[in-house]
Structure formats: C-alpha cells, structure tokens
Amino acid sequence: MPSSPLASVLFVCVHNAGRSQMAAGFLTHLAGDRIEVRSAGSIPGDQVNPSAVEAMKEVGIDIADAKPKILTTDAVQASDYVITMGCGDACPIFPGKKYLDWALEDPAGKGVESVRPIRDEIQKRIEALIAEIDAKQQAFGIGDPVTPPRAQDRPPHGADAQ
C-alpha cells in the first residue's frame, strides 16, 4: 500500500446524484485507497438517485449512504483529475490539473433499466482511467499498479473489511 494515493480524482455533475456518484463508487471499489476519490455538484440534489443506487447495488457496490455535495474550488485544487459530466462552465479551471469531460446521459428521472447502460459506460471509463493512472505512475516508477478487476468479480464494498 502506498503511503499516499497515487492520484486524486474529482467527479463533477450538476446534482452530484447520479453519474458522479456512480463514478466515485466504481473508482473507490476498484482502486481502493490507492486513488483518492471525490465527487461534487454545481447544484447538488437532496439525495442520490434511487435508480443509480439500485443499478450499482446490482454490481455489488453500495452508494446508498452517499450524499450530494457542493462543488468547491478547494476540491478542484486538491485533485489531479477533474472529470465533468454535464456541469458545463460551473467547474473552475486551475493549471496543472487534467480535465476530462465525459458526455454521459443524465440518469435523472429514469428507471433502473435505463440507468444500467449509463452505469456500464461509466465502469468502462473508470477502468480506462485506472489504466491511465497506472501507466503514468509506472512511467515515473512510483508505486504498484492498480489492477482493476471487474466490479462484478469483487466482493461487495465493505464486505472484506469485516
């Protein structure tokens, strides 16, 4: 285990209730404490989308206790990667950060059957992100690689902590 995370990632969407919460759930589940994970919204909702919670539960990841949070400049400054998902210009830009915009359908108001394809696309992008962070760290000879097993192949989040 590294003494500090290999990278810090901030996921941002408008309400911090669907896409960014699913992305944070996947990254936390697949990378553990090797990558610091944050999520926030420009106009946070009151709760995480129940269909997103259910869709993630189907792959063994529990985001039911997650709470939407407001986007702050401190969160952006503290992150190496800032991944936006529809927040537009609400996200402040700071030098030295890697900004990515993931065009993903908004799961707001959709049933779980419509959220599953969004969840699956987020999982693919998270696995690619982990591979990118690994490659960068290996290029600099820092830490061990984060090998992302598929979420379905891992025990439910928290199950192995007992």
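1. In which sense do strand β1 and β2 pair, parallel or antiparallel, and over how many bridges? Strand β1, residues 7–13, pairs with β2 in the parallel sense, and seven bridges join the two. If you would like a place to start looking, take V9, whose bridge partner in β2 is V37. Please keep in mind throughout that this is a predicted model.

2. Stepping back to the whole chain, you will find four helices and four strands. Read from the N terminus, the elements follow the order β-α-β-α-α-β-β-α. The chain has 162 residues, and 42% of them are buried. Among contacts with a separation of 6 or more, 71% are between residues 24 or more positions apart.

3. Now to the sheet, which is open and has four strands. Its order is β2-β1-β3-β4, and the pairing is parallel. The edges are formed by β2 (35–41) and β4 (98–101), each of which pairs on one side only. From one strand to the next, the twist averages 20°. As a general reminder, strands of a sheet pair through backbone hydrogen bonds, in either a parallel or an antiparallel way.

4. Helix α1 deserves a look of its own. This helix covers residues 19–31 and lies across β1 and β2. Relative to β2, α1 runs at about 170°. Helix α1 also returns in the next point, as a contributor to the lining of the largest pocket.

5. The largest pocket holds about 260 Å³ of space. Its lining has 15 residues, and those closest to the centre are G25, T28, D62, I63 and A66. Which element gives the largest share of this lining? That is α1, with five residues. Both α1 and β2 supply at least two residues each. By character, the lining of the largest pocket divides into five nonpolar, six polar and four charged residues.

6. The second largest pocket has a volume of about 160 Å³. Here too the lining is made of 15 residues, and H15, A17, G18, N49 and A108 lie nearest the centre. In this second largest pocket, the lining comprises six nonpolar, six polar and three charged residues.

7. For a quick tour on screen, I would suggest this route. Begin with the V9 and V37 bridge, and follow the sheet order β2-β1-β3-β4. Then turn to α1 where it lies across β1 and β2, and go on to G25 and T28, which are among the residues closest to the centre of the largest pocket. Finish at H15 and N49, two of the residues nearest the centre of the second largest pocket.

Key:
Residues numbered from 1 in each chain as written. Predicted model: local features only at pLDDT ≥ 70, side-chain atom pairs only at ≥ 80, totals over all residues. Heavy atoms only, no water. Pairing = 2+ DSSP bridges. Axes fitted to C-alpha atoms, helices over the stretch in contact; angles between N-to-C directions. Contact = heavy atoms within 4.5 Å. 1 Å grid on protein atoms, 1.4 Å probe; cavity = no way out; pocket = protein on both sides within 12 Å on 5 of 7 lines; lining within 4 Å. Points joined across faces, edges and corners; volume = space filled by probe spheres on them. Nonpolar A, V, L, I, M, F, W, Y, C, P; charged D, E, K, R; others polar. Buried < 20%, exposed > 50% of the residue type's maximum accessible area, 1.4 Å probe, protein only.
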